[in-house]
Amino acid sequence: MSNDQPPPGQPPEDDPFRKQPPGDQPPSSGSPYGAPPPPPPYDPGPYGGGGPYGGADPLAGMPPLAEPGKRILARLIDFLIISIPLYLISLPWGGAVEVSDSNGNDDVSDVFAQTYSGHQLVWSLIGLVCYVAYDTYFTHKDGRTLGKRLLKMRVAMLNDGRVPDTGAAFLRAVVLWLPALLCCPCLWWLINIVLMFTDKPYRQGLQDKAAKTVVVTVN
């Protein structure tokens with residue numbers, strides 16, 4: 001009889017309860033309990049349709065996805081929490097919302113002809129830092145910005161539902177705010193709003209797809 005023992009805390013190779021990689025199950029003759037039972041029937045999970053590649057839903061058992069309308073309202077609350085103080089701070093320097101059209105006039109009737117002045121670009125960069133820092137901090141802290149906290153939602157990692165780490169929270173914030181504040185705000189918000197209503201099966205905006213996150217409800 002061999003005296004080889006598995007390392008402490010590690011199950012023996014022939015342990016019938018050891019989790020095996022898919023397609024690498026031990027033969028039934030080697031198990032003292034006979035052939036393993038058939039796999040359970042497929043459960044599409046609470047979001048319907050299973051995973052994005054036809055597998056089981058990675059968030060099965062998690063809370064339901066947040067409603068798009070509540071997500072939009074939470075984002076508006078977060079936007080106001082940052083933009084109102086930022087605007088008030090900028091007033092002694094001429095305000096943070098000065099926009100001039102391509103001819104140097106102050107006509108804002110044609111949004112497609114507008115370009116940032118140097119003054120506006122500086123405040124946009126300051127705003128970008130504030131928005132990204134705000135989103136990154138609260139998303140990494142517990143998955144909830146102040147707007148999401150008020151409306152009882154949180155950001156969760158798609159693969160296991162945990163709170164995003166710093167890298168995922170930062171990537172999500174950059175993808176969300178960088179294009180919106182520096183190049184194409186109207187188009188960027190429109191794309192994200194449409195995706196929240198139409199993306200299947202997880203209602204992911206572009207920031208969610210980049211960071212592999214979803215937004216779920218909390219009690």
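Which residues does Y131 touch, not counting residues up to four places away in sequence? In this predicted model, the list for Y131 runs to F79, I82, S83, W177 and L181. Several of these names come back below, so Y131 makes a handy way into the structure.Y131 is itself part of the largest nonpolar core, a set of 10 residues. Along with Y131, this core holds I82, L128, V132, Y134, F138, A173, L176, W177 and L181. Among the contacts of Y131 are I82, W177 and L181, and these three residues are also listed in the core. As for where the core comes from, the elements that give it two or more residues are α2 (118-142) and α4. The biggest share is from α2, which puts in 5 residues.

Next comes the pairing of α4 with α1. Helix α1 spans residues 68-90 and helix α4 spans residues 166-182, and their axes come within 14 Å. The crossing angle is roughly 85°; angles of 65 to 115 degrees count as roughly perpendicular, and α1 and α4 are therefore roughly perpendicular to each other. On the α1 side the contact is made by R71, R75 and F79, and on the α4 side by R172, L176 and W177. Sorted by class, the contact has 3 nonpolar and 3 charged residues, with no polar ones. Two of the α4 residues named here, L176 and W177, turn up in the largest nonpolar core as well. F79 of α1, for its part, is touched by Y131.

The backbone has a few quirks further along the chain. As background, most residues other than glycine have a negative phi, and most peptide bonds are trans. The peptide bond from K200 to P201, however, is cis, with omega near -5°. P201 sits in the loop that links α5 (185-198) to α6 (206-211). That loop between α5 and α6 also contains R203, a non-glycine residue whose phi is positive, near 55°. With a relative accessibility of 26%, R203 counts as partly exposed.

A positive phi also shows up at K212, again in a residue other than glycine, with a value near 60°. K212 belongs to the loop between α6 and β4 (213-217). Its relative accessibility is 55%, and since exposed means over 50%, K212 counts as exposed.

Technical notes:
Residues numbered from 1 in each chain as written. Predicted model: local features only at pLDDT ≥ 70, side-chain atom pairs only at ≥ 80, totals over all residues. Heavy atoms only, no water. Axes fitted to C-alpha atoms, helices over the stretch in contact; angles between N-to-C directions. Helix = DSSP H or I, 4+ residues; strand = E, 2+ residues; numbered from the N terminus. Parallel < 35°, antiparallel > 145°, perpendicular 65-115°, else oblique. Contact = heavy atoms within 4.5 Å. Nonpolar A, V, L, I, M, F, W, Y, C, P; charged D, E, K, R; others polar. Buried < 20%, exposed > 50% of the residue type's maximum accessible area, 1.4 Å probe, protein only. Core = buried A, V, L, I, M, F, W, Y, C linked by side-chain atoms within 4.5 Å.
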